[in-house]
Each structure stands twice: as structure tokens, then as C-alpha cells.
Amino acid sequence: MEVVIVPDATAGGELIAEAIATLVRRKPDALLGVATGSTPLPIYQALSAKVRAGEVDASRARICQLDEYVGLPAGHPESYRSVVLREVVEPLGLGEDAFLGPDGTAEDVQAACEAYDSALSEAGGVDLQLLGIGTDGHIGFNEPCSSLASRTRIKTLTQQTREDNARFFDSPDEVPHHVITQGIGTILEARHLVLLATGEGKADAVAHAVEGPVAALVPASALQLHPHATVVVDEAAASKL
Ligand code: GLP
């Protein structure tokens, strides 16, 4: 695992955006796995700035989702589908046909999970998967104790994660209890994993993930098993390394 310490979130976003641009110059139809939350926003802003400036042609790139809430209507502003369309797909000038995501509104959620897992493989696999990290060490929505071999499936959020994500909703009660997430085994199939963590609040989780033992209790520690994993941290998030 490669750990890169950058001065701040903007520098992390710029560094990762350049890595994505380099990938897309080499493989124009690359499949990019994107994460939600606040952390990756500087990446998307830096990448769309590069596209607007003509530094990279991302018109053939494809975007896929890491996770999704169950039960939020697809058009809900905080469904991850809406977030990814708003923050990534539209700013890059792509259409919805360039986008793959699980169906969080499906009646048969398990079937939707399996269909999405298969769709990722059929699309040729994820070339670069962006990840954030939860304060409890989760990746995607794989909460502590998730199997390191897990596939895309339904999960129940911990109270901590619901509280962490309540800021996106009008009231904490509106945060869904259930989610679909790529499993840890699914995530590990991406060709390159890039995790960005910023801020002091992530320092413990980063230290456990990078320097602790590989353990289901810290899902992000599974990156230690991957042959090409890059962890980009700002100085605050690196403060316990
Ligand atoms: C959610 C998402 C994760 C993300 C995490 C951290 O739980 N499912 O993919 O990494 O939030 O979010 P933030 O970057 O806002 O701290």
C-alpha cells in the first residue's frame, strides 16, 4: 500500500484528479468507481476543471456507484444516484448512459445487489475505485465486521454512521437504516483503489486501516490485501500514523 501525505484536502483532490486524468488519457472508456460523502468533492471539482480546460477528454469515461441507500426514491436529492449525477456525471459533461448504479428502490433488493455485482464484471471491471473512510473504518457502507470476501449486498447502518450522515438530511430520522453496498470482495476486484481521508476526525480510522492488522473490525484494512492501493491523507488525517 502506498501512503501519500498532502498538505490539505485541495491538494489531495488535485493529486487524485490528475491520476484519474492520466488513466483516462491512456484508457478513454475507463470505468471509474466513485464515492459519496464530503471528502471526494475536491477530486470531482479538480477533475471537472481539467475537463473544462481541455486537459483531458473524459467524454467516453464511465462512472459507477459504490453504494446506495435503500428506499429513497431515485430522484431524492440525497439518494447516492442523485449525488453522483449532480457532483460527477453532469459536471464531467456525461449522460446517464455513462452511469451504472444499484437500484435502491427495487422490490427484490437482494436481486438488485446481485444484478449490480454482475453488471460491474460485465462492464469489464472497475479501473479505479475511489473510496472515503467512515469514522469507524468503513468503506462504502461495509460496516465493521463485514466479511472481507463480501459481495454487493444489503447492510444495516450503525447508529454512528446514521449520525455521521444526518447532516445531509433535514432530520436525523430521515437517514435510511438500510443500504446497498459493493462488498469488500467486490471492491478489492477494482484494478486500483484510491482512498482519500482528510481531517482529524479520520486520524484514528486511518491509523487502524494502514498500520493495524487486517481485520473485519476495520473494513478499510482490507486495502492492505490489494496489490495496487493508494491512500492519500492530509496532515490532520495522517496525525496518528
Ligand atoms: C458514507 C459513504 C462512504 C464515505 C463515508 C465518509 O458512509 N457511504 O462511502 O466514505 O460516508 O463520508 P465523508 O467523506 O463525508 O466523511
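**Core, ligand shell and annotated residues**

The largest nonpolar core comprises 68 residues, and those with the most contacts inside it are Ile63, Ile133, Val194, Leu195, Val206 and Ala220. Beyond residues up to four places away in sequence, Leu195 touches Leu131, Ile133, Ala220, Leu223 and Val231. Ile133 and Ala220 thus appear among the contacts of Leu195 as well as in the group with the most contacts inside the core.

The model is predicted. The chain has a mean pLDDT of 97, with 100% of its residues at 70 or more. The scores for the model are ipTM 0.96 and pTM 0.97.

An unreviewed UniProt entry carries the annotation "domain: Glucosamine/galactosamine-6-phosphate isomerase" for residues 11-225. In the model, this span is 33% helix and 14% strand, and its end C-alpha atoms are 26 Å apart.

The ligand is surrounded by 14 residues, of which the closest are Ala35, Gly37, Ser38, Thr39 and Gly132. By class, the shell around the ligand contains nine polar residues, four nonpolar and one charged. Ala35 is located in the loop between strand E2 (31-34) and helix H2 (41-52). Ala35 is classed as buried because it has 23 C-beta neighbours inside 10 Å, the threshold being 20 or more. With neighbours within four places in sequence left aside, the contacts of Ala35 are Pro40, Leu66, Leu130, Leu131 and Gly132. Gly132 is also one of the residues closest to the ligand. The C-alpha atoms of Ala35 and Tyr116 are 16 Å apart, with the two positions 81 residues apart in sequence numbering.

The "active site" annotation in UniProt, from an unreviewed entry, covers Asp67, Asp136, His138 and Glu143. Asp67 belongs to strand E4 (residues 67-69). There are 22 other C-beta atoms within 10 Å of Asp67, so this residue is buried. Apart from neighbours within four places in sequence, Asp67 is in contact with Tyr80, Gly140 and Phe141, and also with Val179, Ile180, Thr181 and Gln182.

Gln182 lies in the loop between strand E8 (178-181) and helix H6 (184-187). Although Gln182 and Asp67 are 115 residues apart along the chain, a distance of 6.1 Å separates their C-alpha atoms. Gln182 counts as buried because 32 C-beta neighbours fall inside 10 Å. Residues up to four places away in sequence excluded, Gln182 touches Leu66, Asp67, Gly140, Thr152 and Ile187. Gly140 is therefore a contact of both Gln182 and Asp67, as two residues are in contact if their C-beta atoms lie within 7 Å. Leu66, a contact of Gln182, is likewise a contact of Ala35.

Glu143 is placed in the loop between strand E6 (128-131) and strand E7 (153-156). With 21 C-beta neighbours inside 10 Å, Glu143 reaches the cut-off of 20 and therefore counts as buried. Not counting residues up to four places away in sequence, Glu143 touches Asp136, His138, Lys155, Leu157, Thr158 and Thr161. Asp136 and His138 are, with Glu143, covered by the "active site" annotation in UniProt.

Cys145 is also in the loop between E6 and E7. Cys145 is exposed, because 11 other C-beta atoms lie within 10 Å and the limit for this class is 12 or fewer. The phi angle of Cys145 is near 85°, a positive value in a residue other than glycine. Within this loop, then, Glu143 is buried, whereas Cys145 is exposed.

Note on methods. Residues numbered from 1 in each chain as written. Predicted model: local features only at pLDDT ≥ 70, side-chain atom pairs only at ≥ 80, totals over all residues. Near = placed C-beta within 6 Å. Nonpolar A, V, L, I, M, F, W, Y, C, P; charged D, E, K, R; others polar. pLDDT = per-residue confidence, 0-100. UniProt positions renumbered as here; feature names shortened; annotations may be inferred. Helix = DSSP H or I, 4+ residues; strand = E, 2+ residues; numbered from the N terminus. Core = buried A, V, L, I, M, F, W, Y, C linked by C-beta atoms within 7 Å.
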